[in-house]
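Q: Please take a close look at the buried interior of this protein. Walk me through it step by step.

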Amino acid sequence: MRSMRRLLRRQPCCTRTTLARRVAASRSSSSIGSGSGGDDAVKVDRSGLGTAGYAPPKPPATPLGRELESQIRARGPVSVHEYVKQCLLHPTHGYYARKGAVHNFGAGGDFVTAPELSQLFGELIGVWFVSEWQRLGKPSQIRIVEVGPGRGTLCADILRATATWPPFRDALIDVHLVEPSLTLRVEQRRTLQARPSNTSTSKPEETKSVDWVVEGHEGRDARVSWHSSLEDVPHGLPTLFIGQEVLDAFPPYQFVRTAEGWREKLVDLDDQGGFRFVLAPQPTPASRALAPSIITDDGEDTVEVAPGALALCRAISERIAEDRGAALFVDYGFDGASPGDTLRGFRRHEQVHPLAEPGLVDLTVDADFGACARHGASVDGARVFGSTTQGEWLQRMGIVARLEALLALEDITERQVDQLITACERLVDPAQMGERYRVLAVVDEGEGVPAGFAA
């Protein structure tokens, strides 16, 4: 136990190493096609842009792979944005929509998120919500919105933590989860132990009209609703937003610097029927629209733009400016110089080629916190704080004190002690998640600095 206590006295912020998961795909050179002659949708050099460093993908064998292969044969190469969008959100075969998508998460899946590691993370998000509610002047009605709730673990931890503050619990009118995947909605209801309300006249499978409640929060039910998009969430009340590992899931456009200017990276087929990266020989609609906004003075040859992530930050900022409230975004990413090509795939906790096994591989990119902050701050009536590192934010929020309180419980076991300390270290240690993950806040124009951030 003494050695474990010594771990608590560590100052992980003193070291500066990079999370092992920060492995960007290496770049290789390519030539640009001439763009003349023939009837192909896009003329490209078939040597393409290979991603070096790990094995190239095998020919498509998944249902979605075959569908994408047919599409490319019929219409030509697709943008990286379209490829990632289909792989993640295809209504039948997409990574987050297919049957069994719930098994993507956790130790037995492809990746582990902070809420799955420890209750400490979700509890401190709940503390931040209560702090922001107090900063807002303790409005009599407040709403919680989570975008991309995963398995529902974070929402459950937030509700459990905030229930210990009776005034906040009484002010919480409802909870809204933005989740397009019907498969994940079922798991989220299971995690939250949600049931149809007694006043609902619809059947549970009629997801758009059923009122759901979560019981057991100090005698007061929490009403929960699911939505396919943020636009469907009602307006009119001060709202607390959380987006944890959602910015990285928005499909990116990728552009490569050439002698002729920025050219869009596309996904094409090779001679064996597998997928490969190529360059558009001429400007595309995406490069014309987005390349002028590219800000890079660091000589990077590849940049990424995820319009969906930027639009989400702006939309939430607009709601906060209109209705009052606060938002927290937590994700892995960068704030400053572009790291280049960050598109990568994960399968069973191993990094794999991003073009391998379409629909079965988690595809992700680093969140551009600098761009997200600029979009949020561009809204009149909204203020942006951060980004700061996750390790710094959690320590400012009191994660060590909370850990010590849990370790002092009389009925705690040695195994639970080890699990809690290991999880805490992983969350705050710069060599693990502490520095690789960042935290950004958007608040209204009210007074005060949000908890966990410097003035």
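A: Here is a walk through the interior, with a word on confidence before it.

This is a predicted model. The protein averages a pLDDT of 83, and 78% of the residues score at least 70. Over residues 1-41 the pLDDT is below 50. That stretch still has 90 contacts in the model beyond near neighbours in sequence. Residues 44-53 also have a pLDDT below 50, with 34 contacts of that kind.

Now the largest nonpolar core. It holds 55 residues. Ile125, Trp128, Phe129, Leu192, Leu328 and Trp393 touch the most other members. Helix H5 covers residues 119-135 and gives the most to this core, with eight residues.

Take leucine 328 from that group. Set aside its neighbours within four places in sequence. Leucine 328 is then in contact with Ile125, Trp128 and Trp393. Its other contacts are Phe241, Ile242, Gly243, Val439, Leu440, Ala441 and Phe453. Another core lies apart from the largest one. This other core has 26 residues, including Ile316, Ala371, Val379 and Val442.

Next, the strands. Strand S3 runs over residues 172-178. Six of its seven residues are buried, so S3 is largely enclosed by the rest of the structure. Its partner is strand S2, residues 142-147. The two pair in the parallel sense, over six bridges. Within the pair, isoleucine 142 stands opposite leucine 172 of S3.

Helix H7 takes in residues 166-171, and arginine 169 has its place there. Is arginine 169 buried or exposed? Its relative accessibility is 17%, so arginine 169 counts as buried; the cut-off is under 20%. The side chain of arginine 169 also has a partner. A polar contact of 3.5 Å joins it to the side chain of aspartate 170.

Last, the cysteines. How many disulfides does the structure hold? The count is zero. Look at cysteine 372. Its closest cysteine sulfur belongs to cysteine 313, 3.6 Å away. A disulfide needs sulfur atoms within 2.5 Å, so the sulfur of cysteine 372 is too far away for a bond. Cysteine 372 counts as buried because its relative accessibility is 3%. Cysteine 87 is buried too, with a relative accessible area of 1%.

How values were computed. Residues are numbered from 1 along each chain as its sequence is written. This is a predicted model: local features need pLDDT of at least 70, side-chain atom pairs count only at pLDDT 80 or more; totals for chains, interfaces and linings use all residues. Side-chain values use heavy atoms; hydrogens and water are left out. pLDDT is the predictor's confidence in each residue, from 0 to 100. Contact means heavy atoms within 4.5 Å. Buried means under 20% relative accessible area, exposed over 50%, partly exposed in between (1.4 Å probe, protein chains only). Helices (H or I, at least four residues) and strands (E, at least two) are DSSP runs, numbered from the N terminus. Two strands pair if DSSP finds at least two bridges between them. A nonpolar core is a set of buried Ala, Val, Leu, Ile, Met, Phe, Trp, Tyr and Cys residues joined through side-chain atoms within 4.5 Å. A polar contact is a pair of N or O atoms within 3.5 Å; within protein, one must be able to donate a hydrogen and the other to accept it, and residues adjacent in sequence count only if both atoms are side-chain atoms.
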